[in-house]
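Welcome! Please keep the sequence and the structure open beside you as you work through the exercises below.

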Amino acid sequence: MARWSGGLRCLLLLAAIAFIYTQVRLFKAQSEYAEKISAAVEGENHCTSQMQLLIHQISMQKEKIMALEVKAKQQEEEGEQLRSLVQNLEIKGVKNLFQQDQVPVAAVVIMACNRADYLERTIKSILKYHASASSKFPVFISQDGSNSDVRTKALSYKQLAYMQHLDYEPVHTERPGELIAYYKIARHYKWALDQLFYKHSFNRVIILEDDMEISPDFFDYFEAGADLLDKDKSIMAISSWNDNGQKQFVHDPYKLYRSDFFPGLGWMLSKTTWDELSPKFFLTMYTYWDDWLRLQENHRGRQFIRPEVCRTYNFGEHGSSLGQFFHQYLKPIRLNNLPIDWKSMNLTYLMEDKFVKHFADLVKGANPLYGTDLILKINNIKGDVRIKYRDQPHFEEIARQFGIFEEWKDGIPRTAYKGVVVFRYQTRQIFLIGPDSLEQLGIQNY
Ligand SMILES: *[C@@H]1O[C@H](CO)[C@@H](O)[C@H](O)[C@H]1NC(C)=O
């Protein structure tokens, strides 16, 4: 009994020791956890204060941004005020350029950008013939951008008005391979024409570029052209340009034609035409602006007056056009050098109803020529010549033999009237005649 109770006591002692040991371990673990928790709480407090600091900093930045925005807005408003001040001065300056009792025939605008030396050459050429026409043709220089040489040059001529297009809007290139320079040029054109037609209220505008010289009869030619534009609504513009105007292809400086192909390069349009083009100009433009005007949907069957001998000469070798193009097509252009009094000339033959017959008579008077070796055959006969082409590739093949432009745009060869392209071969007239041309000209049995 005593041995058993001694064993029991021993067992109880062991149990007590085990219990105490467990309690000690438990207490130690608990105090470790408590330490970790307090560290975590401390960490969280630190984070919270960091976050508060950041929030404070952000709100400070926000305030700064808002202050900057207010400042920017103020500056914009000040800029706007300055701009309108400059515009008012410009309008006053423009009014001083021509007499109040003289309604101008057309504003002339030189589209410039960053070629001060070219601009000077263009201005000098214009001023050579401008003195007697200055009240009828006020001249503007429209500068795209802020090139200071161009600006200084433009402002140095007191007899010319100056306007500046500052366009900081980024160019959207939705269509791949688009040339940003041409896009910006189109935007400048729209702006300048809107200014001249809507702000300055001109009835007509003649557009020149900063690399052009003009002929002595340039202003007389456009004054007579203005009369045609008014009388015949089927004429969309008057041009000073003939694409096939190289020395070897022209002869008669008195000859004018109608054409279905927009020549570009030195042309006059009226306000009514611009009213129609302005809202869609640039917006629907997926190509160069001049090619855009060559689309049927834009010219809608209207025609252009063009001379046989050019009234502008394009000397811009360095520019948007390629160098090779310049040497082949632009450099050999003949610029008319005769003073011609166009106002005394009877230009009635250029009206729509008259011209078809006038042109048909010219075509009828030419000798038909067929087959190959055309140039050889031409040399063996006398007088004017007409050659029929079957389609575009056939036209290109014939054009190549003579060296005239082969190119077509929207179904029309350059310079063509009802599919007929006319040019000179040693002073004789050569007519290249399309498959439907004779029918369109009302010529039967030929
Ligand atoms: C002008 O030419 C047209 C034909 O093109 C003719 O009918 C008209 O009589 C001419 N006018 C004058 C004044 O000569």
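A residue is called buried if 20 or more other C-beta atoms lie within 10 Å of its own, exposed if 12 or fewer do, and partly exposed in between, with C-beta atoms placed from the backbone. Helices (H or I, at least four residues) and strands (E, at least two) are DSSP runs, numbered from the N terminus. The model is predicted: local features need pLDDT of at least 70, side-chain atom pairs count only at pLDDT 80 or more, and totals for chains, interfaces and linings use all residues. Residues are numbered from 1 along each chain as its sequence is written.

**Exercise 1. The two sides of a helix**

Find the buried and the exposed residues of helix H12 (residues 392-402).

Solution.
- Step 1: Phe-395, Ala-399 and Phe-402 are the buried residues of H12. Seen down the axis, these buried residues fall within an arc of 55° (taken from the directions from the helix axis to the C-beta atoms), so they line one face of the helix.
- Step 2: A general rule helps here. An α-helix has 3.6 residues a turn, so residues three or four places apart point the same way.
- Step 3: Turn to the other side of H12, where Pro-393, Arg-400 and Gln-401 are exposed.
- Step 4: The buried residues of H12 pack against strands S14 (412-413), S15 (421-425) and S16 (428-433); contact means C-beta atoms, placed from the backbone, within 7 Å.
- Step 5: After H12 comes Gly-403, with a positive phi near 95°.

**Exercise 2. A sheet of 4 strands**

In what order do the 4 strands of the open sheet that contains S11 stand?

Solution.
- Step 1: The order is S11-S12-S16-S15, with mixed pairing; two strands pair if DSSP finds at least two bridges between them.
- Step 2: S11 (367-369) and S15 stand at the edges with a single partner strand each, so one side of each is left without a neighbour in the sheet.
- Step 3: On average, neighbouring strands of this sheet are turned by 30° against each other, direction ignored. The axes are lines fitted to C-alpha atoms, for helices over the stretch in contact, and angles run from 0 to 180 degrees between N-to-C directions.
- Step 4: S11 pairs with S12 (residues 385-388) in the parallel sense over 3 bridges. Asn-367 has Val-385 in S12 as its bridge partner.

**Exercise 3. A sheet of 8 strands**

Which strands stand at the edges of the open sheet of 8 strands?

Solution.
- Step 1: Write down the order, S3-S2-S1-S4-S8-S6-S9-S7, and note that the pairing is mixed.
- Step 2: The edge strands are S3 (161-165) and S7, each pairing on one side only.
- Step 3: S7 joins S9 (residues 303-307) through 4 bridges, and the two run antiparallel. Ser-259 has Phe-304 in S9 as its bridge partner.
- Step 4: Both faces of S7 are covered, with Leu-256 and Arg-258 buried on one side and Tyr-257 and Ser-259 buried on the other.

**Exercise 4. Positive phi in two loops**

Is Leu-265 buried or exposed, and where does this residue lie?

Solution.
- Step 1: Leu-265 lies in the loop between S7 (256-259) and S8 (267-270), and its phi is positive, near 50°.
- Step 2: Leu-265 counts as buried because 22 C-beta neighbours lie inside 10 Å.
- Step 3: Now try Thr-415, in the loop between S14 and S15. Thr-415 has a positive phi near 75° and is buried, with 26 other C-beta atoms within 10 Å.

Notes. Two residues are in contact if their C-beta atoms, placed from the backbone, lie within 7 Å.
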